[in-house]
Amino acid sequence: MILCFTSIVQYHTLIIVNADDVQADLQLTLQVSASAVEVESTITYTITVHNAGPADAAAVTITDTLPDEMIFVASDDCSASGQVVSCSTPTLKSGVDFVVNIAVEAVAAADEPVVNGAVVS
């Protein structure tokens, strides 16, 4: 009788960092309620910021500069100054989403598609 032995060796890699070096990984997505809209109609932009961690994020701010063809109408979580819409939360925990809805009105027709973007900091 022959006995066979298989050795299994596992290695784990561990990276050790200072607590001050751990950062949050913020990911932003922007969705719009309609792909086409008539002048004087309202649409909603939904902006989601996800904190993929590993750390909590402090003083998270979304900034959305609206195109000239749109004006800010309302938002429960945001304020506007001219075309610049700002939304903030004091803390965004790891693994959690910060979702805001921004209602805007189309005030002018456009010859080309209107592009809107937002940034998170």
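These are my notebook entries from a walk through a predicted model.

**Entry 1: the sheet with S1 at one edge**

I started with the strand pairing. Four strands, in the order S1-S2-S7-S4, make an open sheet, and the pairing is antiparallel. Strand S1 (26-32) and strand S4 (70-74) are the edge strands, each pairing on one side only. I looked up the twist too: neighbouring strands here are turned by 30 degrees against each other on average, direction ignored.

Next I zoomed in on the S4 end. S4 pairs with strand S7 (residues 97-106) in the antiparallel sense, over four bridges. Which residue of S7 stands opposite Phe-72? I found Val-104 there.

**Entry 2: the sheet with S5 at one edge**

There is another open sheet, with four strands in the order S5-S6-S3-S8 and antiparallel pairing. S5 and strand S8 (118-120) sit at the edges with a single partner strand each, so one side of each has no neighbour in the sheet. The twist from one strand to the next averages 20 degrees.

I went through the pairs of this sheet in order. Strand S5 (residues 78-81) runs antiparallel to S6, and four bridges join them. Ser-79 stands opposite Ser-86 in S6. S5 and S6 also form a hairpin, with two residues between them. I checked the turn: Gly-82 has a positive phi of about 65 degrees.

Then S3 and S6: they run antiparallel and are joined by eight bridges. S3 and S8 pair in the antiparallel sense as well, over three bridges. Ile-62 turned up in both lookups. Its bridge partner in S6 is Cys-87, and in S8 it stands opposite Val-120.

A reminder to myself for reading these pairs: strands of a sheet pair through backbone hydrogen bonds, either parallel or antiparallel.

**Entry 3: the nonpolar core**

I wanted to know who holds the centre of the contact network. Which residues of the largest nonpolar core touch the most other members? The core has 19 residues, and the answer is Ile-62, Cys-87 and Ile-102. So two of my names from the strand pairs are back: Ile-62 and Cys-87 are bridge partners.

As for where the core residues come from, strand S2 (42-51), strand S3 (57-65), strand S6 (84-92) and S7 each supply at least two. S7 gives the largest share, five residues.

I listed the contacts of Ile-102, leaving out residues up to four places away in sequence. Among them are Ile-43, Thr-44, Tyr-45 and Ile-47, along with Phe-72 and Ala-74. Val-85 and Cys-87 are also on that list, as are Asp-64, Ser-75 and Cys-78.

**Entry 4: Asn-51, a polar residue I wanted to check**

Asn-51 belongs to strand S2. Is Asn-51 buried or exposed? Buried: the relative accessibility is 0%, and the cut-off for that label is under 20%.

So where does the side chain go? It reaches two backbone atoms. One is the nitrogen of Gly-53, at 2.8 Å. The other is the oxygen of Leu-92, also listed at 2.8 Å.

Beyond neighbours within four places in sequence, Asn-51 is in contact with Ala-24, Asp-25 and Leu-26, with Asp-56 and Ala-57, and with Leu-92, Lys-93, Ser-94, Gly-95 and Val-96.

**Entry 5: the salt bridge**

How many salt bridges does a search of the whole structure find? One. It joins the side chains of Lys-93 and Asp-56, at 3.6 Å from N to O. Lys-93 is in the loop between S6 and S7, while Asp-56 is in the loop between S2 and S3, so the pair ties together parts 37 residues apart in sequence.

I looked up the exposure of both. Lys-93 is partly exposed at 49% relative accessible area, and Asp-56 is partly exposed at 42%. Both residues also appear among the contacts of Asn-51.

**Entry 6: Thr-89**

Last lookup. Thr-89 lies in strand S6. With a relative accessible area of 16%, Thr-89 counts as buried, since the label applies under 20%. Not counting residues up to four places away in sequence, Thr-89 touches Ala-59, Val-60 and Phe-98.

Definitions and conventions. Residues are numbered from 1 along each chain as its sequence is written. This is a predicted model: local features need pLDDT of at least 70, side-chain atom pairs count only at pLDDT 80 or more; totals for chains, interfaces and linings use all residues. Side-chain values use heavy atoms; hydrogens and water are left out. Two strands pair if DSSP finds at least two bridges between them. Axes are lines fitted to C-alpha atoms, for helices over the stretch in contact, and angles run from 0 to 180 degrees between N-to-C directions. A nonpolar core is a set of buried Ala, Val, Leu, Ile, Met, Phe, Trp, Tyr and Cys residues joined through side-chain atoms within 4.5 Å. Buried means under 20% relative accessible area, exposed over 50%, partly exposed in between (1.4 Å probe, protein chains only). Contact means heavy atoms within 4.5 Å. A polar contact is a pair of N or O atoms within 3.5 Å; within protein, one must be able to donate a hydrogen and the other to accept it, and residues adjacent in sequence count only if both atoms are side-chain atoms. A salt bridge is a side-chain nitrogen of Lys or Arg within 4 Å of a carboxyl oxygen of Asp or Glu.
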